[in-house]
Amino acid sequence: MHEHKQNQCKRKVKNRKNVVGLIIFCITVGIVFLYAYYQNLRKEIDARQKWLETEKKSVGRYLDWHTGILLETDGKMGIYRKESGKLIYKEKVDSEDGYLGMYLFLMGKYLEKTENTDLPEYWKKGISLALKKIQSLMRDGITQVSEENTTAYLMDNLEVWKGLHELELAGLEDTQAISEMRKKIQAQIENIFWDDANQRWRIIGNSDLYDQIEFYPDGVAQIYPLIYEFPVKEKKKQKILYDQFTEKFQWQKLNKKRNGFLWAMTGMAAAQMGDINN
């Protein structure tokens, strides 16, 4: 009996040693894996940081150039082409309001990503000039193409709205004035460009011109508010228009022959809809 109890005790001690050994082994393996994971994570963070710094410098250089052109031309942005390593002016832009809006959009995004509002003085002048030019192109809360061309386009106005919206979020000194302009154009976009009778967006203000088979601008205009996250009153109509656009044009195949040109920007609409497959 005594010998039996001794054997039981020996087995328990042996089992306990095995369990302790297993626990130590698992802890050791876990530490090794955690160390490897954090080493890789640190490398990824370092690589990401370097990439962000490169992006920051690249975008900063572009904004330097773009702002310089705006100030030199009193807000008249042109189309430039790179030839022999130099950017050469080719022609006047088709829509001054849209280009000014995209300048403010990029500026706002840059300020957001860099978390910096301490801007160079000439950047402040560039922003101020762009805002004044947009204000001068505004008629009844909607912008027109240029001083010479009084046409008001949905897509241009959405670009202006988005630029003002992004700049407003950046929190600059002129936030109140920027906010007032943004609210004014936001209130008018749906009033002017939404065709309630036909349940679609007008391309041009006060015009019912629409070609059902044209990918651009007719088709793309229907999802443009979605691309720029414009706050429509009824969100469900944007889903309907997106579904119709996708079914009709098969944009996700990026077929140049079918659509005229590769317009990957439509993928932004898919992202807004959570349409991951497309």
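**Group meeting talk: two buried side chains and a pocket**

Leaving out neighbours up to four places along the sequence, glutamine 238 makes contact with Trp201, Gln222, Ile223, Pro225, Leu226 and Val232. I start with this residue, and I should say at once that what we are looking at is a predicted model. Glutamine 238 sits in helix H8, which covers residues 235-249. Is this glutamine buried or exposed? Its relative accessible area is 4%, and because the cut-off for buried is under 20%, glutamine 238 counts as buried.

Let me now step back to the chain as a whole. The protein chain contains 10 helices and six strands, and 37% of its 278 residues count as buried, so glutamine 238, with its 4%, belongs to that buried part. If we take the contacts between residues at least 6 apart in sequence, 63% of them join residues that are at least 24 apart. The accessible surface of the chain comes to about 17600 Å², and carbon and sulfur atoms account for 53% of that surface.

The second residue I would like you to find is asparagine 157, which lies in helix H4, residues 154-170. Its relative accessibility is 0%, and therefore asparagine 157 counts as buried too. What does asparagine 157 touch, once residues up to four places away in sequence are set aside? The list is Asp97, Ile142, Thr143, Ala152, Ile185, Ile189 and Phe193. There is also a partner close by in sequence, for a polar atom of the asparagine 157 side chain lies 2.9 Å from the backbone oxygen of tyrosine 153.

Helix H4 brings us to the last topic, the largest pocket, since H4 is one of the helices that each supply at least two residues of its lining. The others are helix H1 (2-72), helix H2 (96-114) and helix H6 (215-221). Which of the helices gives the most to this lining? That is H2, with five residues. The volume of the largest pocket is about 500 Å³, and 21 residues line it, with Asp94, Tyr99, Asp156, Glu159 and Tyr216 lying nearest its centre. When the lining residues are sorted by kind, 15 are nonpolar, three are polar and three are charged.

To close, please keep two places in mind as you turn the model: glutamine 238 in H8, and asparagine 157 in H4, a helix that also contributes to the lining of the largest pocket.

Key
Residues are numbered from 1 along each chain as its sequence is written. This is a predicted model: local features need pLDDT of at least 70, side-chain atom pairs count only at pLDDT 80 or more; totals for chains, interfaces and linings use all residues. Side-chain values use heavy atoms; hydrogens and water are left out. Helices (H or I, at least four residues) and strands (E, at least two) are DSSP runs, numbered from the N terminus. Buried means under 20% relative accessible area, exposed over 50%, partly exposed in between (1.4 Å probe, protein chains only). Contact means heavy atoms within 4.5 Å. Accessible areas come from the Shrake-Rupley method with a 1.4 Å probe; for residues, only the protein chains shown count as cover. A polar contact is a pair of N or O atoms within 3.5 Å; within protein, one must be able to donate a hydrogen and the other to accept it, and residues adjacent in sequence count only if both atoms are side-chain atoms. On a 1 Å grid over the protein atoms alone, a cavity is a set of points where a 1.4 Å probe fits but cannot get out, and a pocket is an open set with protein on both sides within 12 Å along at least five of seven lines; lining residues have an atom within 4 Å of a point. Grid points are joined across faces, edges and corners, and a volume is the space filled by probe spheres set on the points. Ala, Val, Leu, Ile, Met, Phe, Trp, Tyr, Cys and Pro count as nonpolar, Asp, Glu, Lys and Arg as charged, and the others, Gly among them, as polar.
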